[in-house]
Amino acid sequence: MKKHLGSLGLLLTAIIWGSGFVANNIALETMTPLQILCLRFFIGAVLMGGIACKRFKNVGKQEIIAGTILGVILFAAFTAQTFGLKYTTPSKNAFLTATNVVIVPFIALLLNKKRVDGYSCAGAVMAITGIGLLSLRGNLSLSFGDALTLICAFCFAFHIFYTGEFAQKYDVLILTAIQMLVAFLLSFLVMLPAEGISLSVSGNGLVSVIYLGVFSTTIAFFLQTVAQKYTTETKAAVILSMESVFGTLFSILIVQEEITARMVAGCILILAAVIIAETKPKLIMKRYIEEIKEL
C-alpha cells in the first residue's frame, strides 16, 4: 500500500512541476525572471524553514555546506530555466529540462567512476535526437531559450546527483530548507544591483508566483522527499520525468500553445529516452521470465 502511495505522491509532484511551467510563463508577462525566482524561493525558504525549524538545533557544519552546494546549483538551474522560458515555449522548456535524467549517469561516471551501461548510452543518443527535432531550427541552430534550458537540464542533473549523495548522510528536510534559503539569498543579491526592489505585478502574475512558491517549490519538494521513501530511485525518476508531459498538456490547455508534428516526435523520443535509460526494459523482462520459470 505504501509503495502505491509513494508512486501517487511522485505522480502528483510531476503534475505540480508540469503546471509550474505555465505558471512561470504567466508570471513572466509582468515580472522579471529574477523577481520570480526571488519571490518563489522566499516563500519556499519561509515554509520549509517552518517545517524543519525544530531540526535546526543539531545542524552541523557539513550539513550547512551540503545544503549550500545544493542551493547554489538549484539557483543556477532555476535561473537558466526561467530565463530560458522567456525565449522559448513552455512545452519545449519542459521537455528539454527532462533530459537531466539521462545526463545523471554520465555525471556519476565522471565523478564517481560508475560504469555507464548500454541503456544509458542508447537513452542519451535518443535524447539528443529528440532535442534536435524539438529545438533545432532550419539552419540547425538552437534558439537562445533552448540553449539556456539545456544548461538548466545539466544543472538539475548535478542537483539530482548531489542530492542523492547528501541525502544518504544528512537530514533531507534540513538540506531542503537550507538550499531554499541559499537560493533566495542568491536571487535577492543578484536582483538588488541589477533591478532594485521595485515590483510591478498584475493579479495573474502574483497568483502565479505564489503558486510557484507554495506548490512547485515547497509542497512539490516535500512530496518528493516523503514519496521516495516508499519506492525505488529508478521508478521515482521515471514518474518524475512525466513533468515534461504534464508541462506540455498544461501548455496546450491553458495557454493554447500550438504543437507541431515535429515537436510531438521530438517529445516522444525524449520521453522514450528517459524511460529506457532509467527502467532498462530488457533487464526487467529477463528478471520476470526468470521469476516465472521458478514458479
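Helices here are DSSP runs of H or I with at least four residues, numbered from the N terminus. With that in hand, Tyr-170 is easy to place: it lies in the loop between α7 and α8, the latter covering 172-195. Keep in mind that this is a predicted model.

Let's zoom out before coming back to that tyrosine. The chain has 13 helices and zero strands, so reading along the sequence gives you nothing but α, from the first element to the thirteenth. Of its 295 residues, 48% count as buried. If you take the contacts with a separation of 6 or more, 89% of them link residues 24 or more positions apart.

A good way into the structure is α3, which spans residues 61-86. Start with its packing against α2, residues 33-52. The two axes are 9 Å apart, at an angle of about 135°. Angles over 145 degrees would count as roughly antiparallel, and this one falls short, so the pair is oblique. The crossing of α2 over α3 is right-handed. On the α2 side, the contact uses Pro-33, Leu-34, Leu-37, Arg-40 and Phe-41, while α3 brings Leu-74, Phe-78, Thr-79, Thr-82, Phe-83 and Lys-86. Sorted by class, that makes seven nonpolar, two polar and two charged residues.

Now turn to α7, residues 144-167. Its axis comes within 8 Å of the α3 axis, and the two cross at roughly 160°. That is over the 145 degree cut-off, so α3 and α7 are roughly antiparallel to each other. Here the crossing is left-handed. The list of contact residues from α3 runs through Ala-66, Ile-69, Leu-70, Ile-73, Leu-74, Ala-76, Ala-77, Phe-78, Ala-80, Gln-81, Phe-83 and Gly-84. From α7 come, among them, Leu-148, Ile-151, Cys-152, Cys-155, Phe-156, His-159, Tyr-162 and Phe-166. The class count for this contact is 18 nonpolar, six polar and no charged residues.

Leu-148 is a handy residue to click on in this contact. It sits in helix α7 and is buried, with a relative accessible area of 16%. Leaving aside neighbours within four places in sequence, Leu-148 is in contact with Ala-80, Phe-83 and Gly-84. Those three also appear among the α3 residues that meet α7. Leu-148 also gives you a link to Leu-96: the two are 52 residues apart in sequence, and their C-alpha atoms are 9.8 Å apart.

Leu-96 belongs to α4, residues 90-98. How many of the residues of α4 are buried? Nine of nine, so the helix is mostly covered. The set includes Lys-92 and Asn-93 as well as Pro-90, Phe-95 and Leu-96.

The third partner of α3 to look at is α8. These two pack at an angle of about 50°, with their axes 7 Å apart, and they are therefore oblique to each other. The crossing is right-handed. On the α3 side, the residues involved are Glu-63, Ile-64, Ala-66, Gly-67, Thr-68, Leu-70, Gly-71, Val-72, Leu-74 and Phe-75. They meet Ile-174, Leu-175, Ile-178, Gln-179, Met-180, Val-182, Ala-183, Leu-186, Ser-187 and Val-190 in α8. The contact divides into 14 nonpolar, five polar and one charged residue. Notice that Leu-74 turns up in the contact with α2, in the one with α7 and again in the one with α8.

That brings us back to Tyr-170, in the loop between α7 and α8. Is Tyr-170 buried or exposed? It is partly exposed, with a relative accessible area of 21%; the cut-off for buried is under 20%. Not counting residues up to four places away in sequence, Tyr-170 touches Gln-62, Glu-63, Ala-66 and Leu-175. Ala-66 is 104 residues away along the chain, yet the two C-alpha atoms are separated by 8.5 Å. Ala-66 is also listed in the α3 contact with α7 and in the one with α8.

Finally, take a look at α11, residues 243-255. This helix has 13 residues and reaches 17 Å from its first C-alpha to its last, close to the 18 Å expected at 1.5 Å a residue. Its buried residues are Glu-243, Ser-244, Val-245, Phe-246, Gly-247, Thr-248 and Ser-251. Just after α11, Gln-256 takes a positive phi of about 50°.

Terms used: Residues are numbered from 1 along each chain as its sequence is written. This is a predicted model: local features need pLDDT of at least 70, side-chain atom pairs count only at pLDDT 80 or more; totals for chains, interfaces and linings use all residues. Side-chain values use heavy atoms; hydrogens and water are left out. Axes are lines fitted to C-alpha atoms, for helices over the stretch in contact, and angles run from 0 to 180 degrees between N-to-C directions. Angles under 35 degrees count as roughly parallel, over 145 as roughly antiparallel, 65 to 115 as roughly perpendicular and the rest as oblique. A crossing is left-handed if the near helix is turned anticlockwise from the far one by less than a right angle, and right-handed if clockwise. Contact means heavy atoms within 4.5 Å. Ala, Val, Leu, Ile, Met, Phe, Trp, Tyr, Cys and Pro count as nonpolar, Asp, Glu, Lys and Arg as charged, and the others, Gly among them, as polar. The expected span of a helix is 1.5 Å times one less than its number of residues. Buried means under 20% relative accessible area, exposed over 50%, partly exposed in between (1.4 Å probe, protein chains only).
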